[in-house]
Amino acid sequence: MAFTQETVQYIVPELILEEKAGTLHLSLAKQFLPQIRFQESYYQTMEATKEKEVLRFLKEKTGEYDWIRKSLEQRESTLQLVGEAIVKHQQEFFLHQEASRLKPLTLREISEEIGVHESTVSRAVNGKYMETSQGVYELKRFFSAGLQQSSGQGDAEEVASSAIKQQLQKLIEEEDKSKPLSDQKIVDLLAEEAIQVSRRAIAKYRLELNIPSSSKRKRFDA
């Protein structure tokens, strides 16, 4: 009998979120982040030779070290800022751990808030995780997943589908059962909240939630 050995991959979080007395505190998991060290004793030993080639080599490598160090510091700073912005927008979700409290959020919103390009935010969250008291979440979870939200300039941005599903379910739960909301009416109501989504998408998500059409939800005794 042949046996195969599977490699177990562990998720290592870059951010740690803690709640203390109802307040959320975010920090970098520095023990898991890339580190770089400068061997000062080795540098001094080589510098003491006073040889031109050695000094030129040291100058070159010192410059490379400074560049890498600054790049890592910038990376950590950006990750911290992005993480704090996510926590700010999704605070209700982190405090209550309920999917219904997850708000629509886009990369562009975060980029404009912290003053960096949208692609920078995308790179910062790619493959990154946050550890919370309820588990470890991929940062991408808190962003878009297939629907669109209109910005002030009319541009289309993706928003979290899970949040839209929650809003859809809430609208239907609160509807007048004698006059249930049609898919188009739901589209119109979401548009009033600056969320642009097609009727076809609403129908798709309604079916995924096992919610029948408006004609089948109508109650004549309501």
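Trainee: How do the residues lining the second largest pocket divide into nonpolar, polar and charged?
Mentor: This is a predicted model, where local features need pLDDT of at least 70, side-chain atom pairs count only at pLDDT 80 or more, and totals for chains, interfaces and linings use all residues. Residues are numbered from 1 along each chain as its sequence is written, and side-chain values use heavy atoms, leaving out hydrogens and water. The lining is made up of F38, Q39, Y42, Y43, M46, F57, L58, K61, T62 and Y65. With Ala, Val, Leu, Ile, Met, Phe, Trp, Tyr, Cys and Pro as nonpolar, Asp, Glu, Lys and Arg as charged, and the others, Gly among them, as polar, the split is 7 nonpolar, 2 polar and 1 charged.

Trainee: Which element gives the most to the lining of that second largest pocket?
Mentor: Two elements give two or more residues to this lining, α1 (40–47) and α2 (52–89); helices (H or I, at least four residues) and strands (E, at least two) are DSSP runs numbered from the N terminus. With 5 residues, the element that gives the most is α2.

Trainee: What is the volume of the largest cavity?
Mentor: On a 1 Å grid over the protein atoms alone, a cavity is a set of points where a 1.4 Å probe fits but cannot get out, a pocket is an open set with protein on both sides within 12 Å along at least five of seven lines, and lining residues have an atom within 4 Å of a point. Points are joined across faces, edges and corners, and a volume is the space filled by probe spheres set on them. The structure holds 1 cavity of 30 Å³ or more. The volume of the largest cavity is about 50 Å³.

Trainee: Which strand gives the most to the lining of the largest cavity?
Mentor: The lining consists of L17, E18, E19, L24, F94, Q97, T132 and S133. These residues divide into 3 nonpolar, 3 polar and 2 charged. The strand that gives the most, with 3 residues, is β1 (residues 15–20).

Trainee: In what order do the 4 strands of the open sheet stand?
Mentor: Strands count as paired if DSSP finds at least two bridges between them. β1 and β2 (residues 23–28) are antiparallel over 6 bridges, while β1 and β3 (residues 129–132) run parallel and share 2 bridges. β2 and β4 are at the edges with a single partner strand each, so one side of each has no neighbour in the sheet. The pairing is mixed, and the order is β2-β1-β3-β4.

Trainee: Which residue in β3 is the bridge partner of L15?
Mentor: L15 has a bridge partner in β2 too, namely L28. Elsewhere on β1, I16 stands opposite S27 of β2. In β3, the partner of L15 is M130.

Trainee: What is the phi of A21, in the turn of the β1 and β2 hairpin?
Mentor: The hairpin leaves 2 residues between its strands. A21 lies in that turn, and its phi is positive, at about 55°.

Trainee: Which side chains of β2 point to one face and are buried?
Mentor: Buried means under 20% relative accessible area, exposed over 50%, and partly exposed in between (1.4 Å probe, protein chains only). The side chains alternate along β2, and T23, H25 and S27 point to the face where they are not buried. Those that point to the other face and are buried are L24, L26 and L28.

Trainee: How far apart in sequence are the parts that the F94 and F142 pair ties together?
Mentor: Rings of Phe, Tyr and Trp (its six-membered ring) pair with centres within 6.5 Å, and planes under 30 degrees apart are stacked, over 60 edge-to-face and the rest tilted. The centres of F94 and F142 are 5.1 Å apart with planes at 55°, so this pair is tilted. F94 lies in α3 (residues 91–96) and F142 in the loop between β4 (135–138) and β5 (147–150), so the pair ties together parts separated by 48 residues.

Trainee: Which residues form one aromatic cluster?
Mentor: The structure holds 7 aromatic pairs. F93 and F94 make an edge-to-face one, at 5.6 Å centre to centre and 70° between the planes. F93 is buried at 2% relative accessible area, and both F94 and F142 are buried as well. The cluster is formed by F93, F94, Y137 and F142.
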